[in-house]
Amino acid sequence: MIFRRIGELAARFRWYVLGAWVVVAVVLNVAVPQLSEVIKRDTMSFVPADSEVMQGYRIMSEKFNGSNAGGDAIVVMENAHGISQADRAYYPKLVARIRADKARVVGVEDYVEHPEFRSFADSKDGRAIYLPIVLRANVGTPQAGTDSIWLRDLTAQDKPADLTVRLTGDTPIISDFQDSVQTSTARTTLITGLLVILILLAIYRSPVTPVIPLTVIGLSIMVVRPVVAFLGLHGVPVAAFTETFILAIVFGAGTDYCIFLISRFREQMAAGDGRVAAIATSTHRVGEAIASSAVTVMVGGLAMLPAHISLFATTGPSIAIAVLITLVAGLTLTPALIAMGGDRFFWPQKVRAQKVSRFWTSAAALVTRRPGRVALYGLVPLVALAALYPTMRLTYDERAPQPKSEDSMQGLAALEQHYPQGEILPNYVMVSSAHDLRNPRDLAALDGATKALAKLDGVTSVRSFTQPQGTRLAQASIPYQAGVVAGGLDQARSAVQAGGAGARKLDTGAQQLSGGAAQVAAGARQAQAATSQIDAGLTQEDAGLQSLAAGATSAQRGAADLATGARDLAAGLGVARDGVAQAVDGMSRVLLYFQGDPQCALPQSPCQQAQQGLTAIRDAERDQLLPGLDRAIAGARGIAAGDTSLAGGAAAMHDGIVQVQDGIHRLQAGTRQFGAKLGDLSSGAAQVSGGAQQLGGGASQLAGGTTALTAGLGQAADFLNRVNREATAAGIDTFYVPGDRLDDPQLALARHYYLSADGTTARVMVFGRDDPFGVSAMDHVAQQRDATRTAFRGTSLAAARVAVTGFAAQNDAIRTYFTADFRFVAIAVLLGVLIVLVALLRSLVAPLYLLASVVLSYAAAMGLTTLIWQDLLGKGALDWTVPIFAFIMLVSVGADYNIFLMSRVREEVQRDPGNGIGRAVRRTGAIITSAGVIFAGTFAALLSSPLSNIAQTGTAITLGLLLDTFLVRSFVVPAIAMLLGRWNWWPSGYALKTWRRPSTTRLRTVGSGGSE
């Protein structure tokens, strides 16, 4: 009864209802920003932010471009005649202008600042250059759209006449896509409005009747758009497709709701009800059906809310909101408008009982008489078309939907023409670790992953820190390092050979030194013996001199013996003098020997001390002892000759003897000291001799060792040289760079582009031969991820985080999430529709085959769409967004018509169990067909979109609605209902008891074209 009450209140307060809708629409449109502007503010990533591919983008942005990076663009410069000098001069000017705007630009990868990029930027055919730019604004935002315009204006300044400049990349592609969507939306809205007006005029044959649905649709759109925009500003995100789909939904659903209510109103007025009563009854009878149908669409939309793909998660809730508002408008505004005009809205027609068309009368008769044959003939084409569904191929190429005339699309085409596929848009393998990777172990592990990636099918080259330009740095491989070491060993071998000759010379000199030291020791021993003899002689001389002194004293008493004694004394003194003179000469020769010995030059050495003692002895003998002996001899001889001065001579003799005796004492002390030092000299010389002998032996061994070392170094050098040759030939080139060589200028590109500033993140660029937007490139993403992780096993990077990102990786993630989302959405929608059908029909059997019918209708529509777009039009594949949007709309809207038909069947069966189904087909056939045609028309307007994915979606939904309207709902479902009979309503009891076969007489009467 709630719907009857709604109808009564709407009719009674019709002007307030209309005024309320107008006021709400105006206020919302003034207070809330336009939906198109809110859509541009949306910054949601296409796949979840926590997905691997988006995490990879985030890491790359933070570690290599700075955390402010939000988008990217690629400037493509193309000259059909080849890049000229003028083009080369234009390039640095453009780079400078772009770099100057720090507020927009994060960085530019140009070969002005980084000459190493030139080999990449220049095409092999010499006709193109590309310039990557990192922008601050997030992709898809209004600022990003402004940046695209700014860049295009900037590239046009001072451009050489022969140079064509295009702008592509994420930011320009999405900006162009949004512009295309807005253009498509405006065009679709206009075409949809015209189609609805034409269809309504054809149905009602009245210029006034269309005012009701058009007013309802217009006010619904004026409310839906700002409500969706408001929710978009407060946590319910919206996307590019949102506006297009909600417009189609509002047009289609709004028109359907109005048609159902208007048709039932005419029927009730023809039956004699007053205006308010007819409105109340119409709302009561139709309200439940249209509310249930609206719920099915809302279930479909809300089922997309948990989807991982933002396109679905943002569009689905907006569809649900649009249907809810349109339902409220249909239940309130439509009765109010009908109440305002009444039968005047049908001018120039009059409200009277509608004649049932011959077509639907014949259709109803056919269904009731031959339900099995009708069901079979209806299912055959549906199954045949559905059989084409598995042949459908999906494309995730974001270039495919957009017009080829777009600047960003032409930029991509230029890149494809002048650069190998995958060269510009590689996959990035991001490797993140908690520690600094700039050490030999981690770099060797990265090199292992690089080599593993290079071996994968479809990979043409891999660039990383270990091979920054796609080929290995020769200086950074172990074979190369082995060759370097081998060269060093060769040099060492030559040096050791030269050292061996020196060792042999050292051996000879040591032997000579040992011999000389032995001679010194022998001479020192002989000198020591001589000094002992001298000491003994001096002792004897001292005793003799003492006696002589005593004799000289007694000479005065024995003058008679003086002459004899003097002669004897002179002779003895002469002998002593000769011995002393010989000792002095011997000492002098010894001193000459010491002077030639280098050991005596060392301070405080035993040799020097012995030399000093010997010198003192010699000087005492020479300067004191010999002169004293000479005077003593002279005096003795004078006495012997009879000198008259005997007393003076005796005195002189006595004095000389005393002097001699003193000299002998000093000589004796020096001789003893000298003897002791000669002993030290002899011992030291013996040690020198022994050490020299050992030195000679060691030098001899060293000479032999150097020969062996020379041979060993030669063998090592030969081995390492062989390792270098054989390892290089075999491809064994393990990466190795000593830690102190990481700052080498040759590694400048590697450090800048493949390692983050803090060293914790590395990126590896994987280039493939496949189209980066194609399915085959997507299939390689998992292989690249697995190959990297496998290469890291057992290495220092076993715990490192690996993320693959890039266009192919993003499309692969979309495919994975799309599969999961479609499965979830399909289950949720089917369960939701089933529950609504069960609740409405109070049956379990009918909802099951009704649900199966909409699924079959969907499969047939997708099969037919595949045949048209994929095969006949030669597109090769359908856009991946088509299946899920078509499923939501076809299942939900198809369930709408099922609900409207079966609710009328239930109503008619309650009054006439036998003829209820035929009567329901006759009464609803034209209405459902009209509604289906209108709904199909609204989506047919999408065919005019410049975006092929929207056009393909419009094709699928349009074809599905037409198949559902003219085949499934008109023949197949009624035929199955006739076959099942009372079991349609199981376990509901009333129909089981009252069901009977239809009356053929009654069918013939109805079939004659009469009115009911």
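These exercises explore one sheet and one loop residue in a predicted model.

Residues are numbered from 1 along each chain as its sequence is written, and side-chain values use heavy atoms, leaving out hydrogens and water. Local features need pLDDT of at least 70, side-chain atom pairs count only at pLDDT 80 or more, and totals for chains, interfaces and linings use all residues.

**Exercise 1.** Work out which strands stand at the edges of the sheet.

*Solution.*
- Step 1: Find the strands (DSSP runs of E, at least two residues, numbered from the N terminus; helices are runs of H or I, at least four).
- Step 2: Pair them (two strands pair if DSSP finds at least two bridges between them).
- Step 3: Write the order. It is β2-β3-β1-β4, in an open sheet of four strands with antiparallel pairing.
- Step 4: Read off the edges. β2 (105-108) and β4 (164-168) each have a single partner strand, so one side of each lacks a neighbour in the sheet.

**Exercise 2.** Describe how β2 is joined to β3.

*Solution.*
- Step 1: Count the bridges. Three link β2 to β3 (residues 128-135), and the two strands run antiparallel.
- Step 2: Pick a facing pair. Leu135 in β3 is opposite Val105.

**Exercise 3.** Decide whether Ser945 is buried or exposed, and list its contacts.

*Solution.*
- Step 1: Locate Ser945. The loop between α26 (916-940) and α27 (948-980) holds it.
- Step 2: Apply the cut-offs (buried under 20% relative accessible area, exposed over 50%, partly exposed in between; 1.4 Å probe, protein chains only). Ser945 has 8%, so it is buried.
- Step 3: List contacts (heavy atoms within 4.5 Å). Ser945 touches Ser184, Ile950 and Ala951, not counting residues up to four places away in sequence.
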